[in-house]
Amino acid sequence: MDTNNKITFPKFVDFNIPYLQKDFVGFKEALAFKESQGKYTVVNTLGYLGKYQFGRTTLHRLNIYNTQGFLKNPELQEKAFVALCKVNKWILRKDIRRSVGKTINGIKITESGILAAAHLSGAGNVKKFLRSNGSVRFSDAYGSTIQSYLKKFAGYDLSNIEAEKNATA
């Protein structure tokens, strides 16, 4: 945005990909595309479910126990994603405060990168990565790393997501 509060757009847009702004909607859609190509009914080879590829234990934390019902309910999946972002923001609140703006292993740390990395690996693994200044690393069974998510999902404005310890869908 410029100083006149006009919305500005990029000079070049590759019309084969959707254009998303760097807000929460852009963040969740970019993450969903990385996780499942944005498809609500996907179950991967490890049993992760839905548009955002939730594990069963994460769903249980959000008080969701019916996985077949979850796969058939886009609204519940969207609510679950928001709830998980709130919980992760609460768990990582001190690390967000300490780490945003730092550079670790050549990657500028942002709040959205931290929350995306927590979606990938869990908040505990992100804490270990940040508190070790990047020496304790994590990659999932498919080879995705905390570092790659910190970089790919950096710079989204997630200020509208409130940290909430016990958020549920």
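Is R98 buried, exposed or partly exposed? R98 is partly exposed, at a relative accessible area of 46%. Here buried stands for under 20% relative accessible area, exposed for over 50%, and partly exposed for what falls in between (1.4 Å probe, protein chains only).

Before you click on, a word about the model. It is predicted, so local features need pLDDT of at least 70 and side-chain atom pairs count only at pLDDT 80 or more, while totals for chains, interfaces and linings use all residues. Residues are numbered from 1 along each chain as its sequence is written, and side-chain values use heavy atoms, with hydrogens and water left out.

**Stop 1: R98 and its partner**

Keep R98 selected and add D95. The two form a salt bridge, with the closest N and O atoms 3.7 Å apart; the term means a side-chain nitrogen of Lys or Arg within 4 Å of a carboxyl oxygen of Asp or Glu. Both sit in helix α5 (residues 93–99), and being three residues apart, they are separated by about one helical turn. Helices are DSSP runs (H or I, at least four residues), as strands are (E, at least two), and they are numbered from the N terminus. D95 counts as buried, at 2% relative accessibility.

**Stop 2: more salt bridges**

How many salt bridges does the structure hold? There are nine. Select K51 and E78 next: their side chains meet at 2.9 Å, N to O. This pair links distant parts of the chain, 27 residues apart, with K51 in the loop between α1 (24–36) and α2 (56–61) and E78 in helix α4 (residues 74–91). Both K51 and E78 are buried. Now add K28 and E29 to your selection, and you have a network of salt bridges that links K28, E29, K51 and E78.

Then move to E111 and K89, whose side chains form a salt bridge at 3.4 Å, N to O. E111 belongs to helix α6 (residues 111–121) and K89 to helix α4, so the pair ties together parts that are 22 residues apart in sequence. E111 and K89 are both buried.

**Stop 3: along α6**

Colour α6 by accessibility. This helix is mostly covered, with 11 of its 11 residues buried. What covers those buried residues includes α1, α4, α5, α7 (123–131) and α8 (146–152); contact here means heavy atoms within 4.5 Å. Just after the helix comes G122, with a positive phi near 95°.

Pick I114 within α6 and show its neighbours. Not counting residues up to four places away in sequence, I114 touches L92, D95, I96, S99, V100, I109, V126, L130 and L150.

**Stop 4: the nonpolar core**

I114 also leads you to the largest nonpolar core, a set of 42 residues. Such a core consists of buried Ala, Val, Leu, Ile, Met, Phe, Trp, Tyr and Cys residues joined through side-chain atoms within 4.5 Å. Which residues have the most contacts inside it? Select F27, F54, F81, I114, V126 and L150 to see them. Helices α1, α3 (67–71), α4, α6, α7 and α8 each supply at least two residues of this core.

**Stop 5: the loop at L49**

Centre the view on L49, in the loop between α1 and α2. L49 is buried, with a relative accessible area of 2%. Leaving out residues up to four places away in sequence, L49 touches V42, V43, F54, R56, L59, T67, F70 and L71. If you draw a C-alpha to C-alpha distance from L49 to T67, you should get 7.8 Å, for residues 18 apart in sequence.

**Stop 6: empty space**

Last, look for the voids. On a 1 Å grid over the protein atoms alone, a cavity is a set of points where a 1.4 Å probe fits but cannot get out, whereas a pocket is an open set with protein on both sides within 12 Å along at least five of seven lines; lining residues have an atom within 4 Å of a point. Grid points are joined across faces, edges and corners, and the volume is the space filled by probe spheres set on the points.

The count comes to one cavity of 30 Å³ or more, and the largest cavity holds about 40 Å³ of space. Select F27, L31, F81, L84, C85, N88, L115, A116 and H119 to show its lining. The largest share of that lining, four residues, comes from α4.

The largest pocket has about 600 Å³ of space. Of its 27 lining residues, Y48, Q53, H119, L120 and S121 lie nearest its centre.
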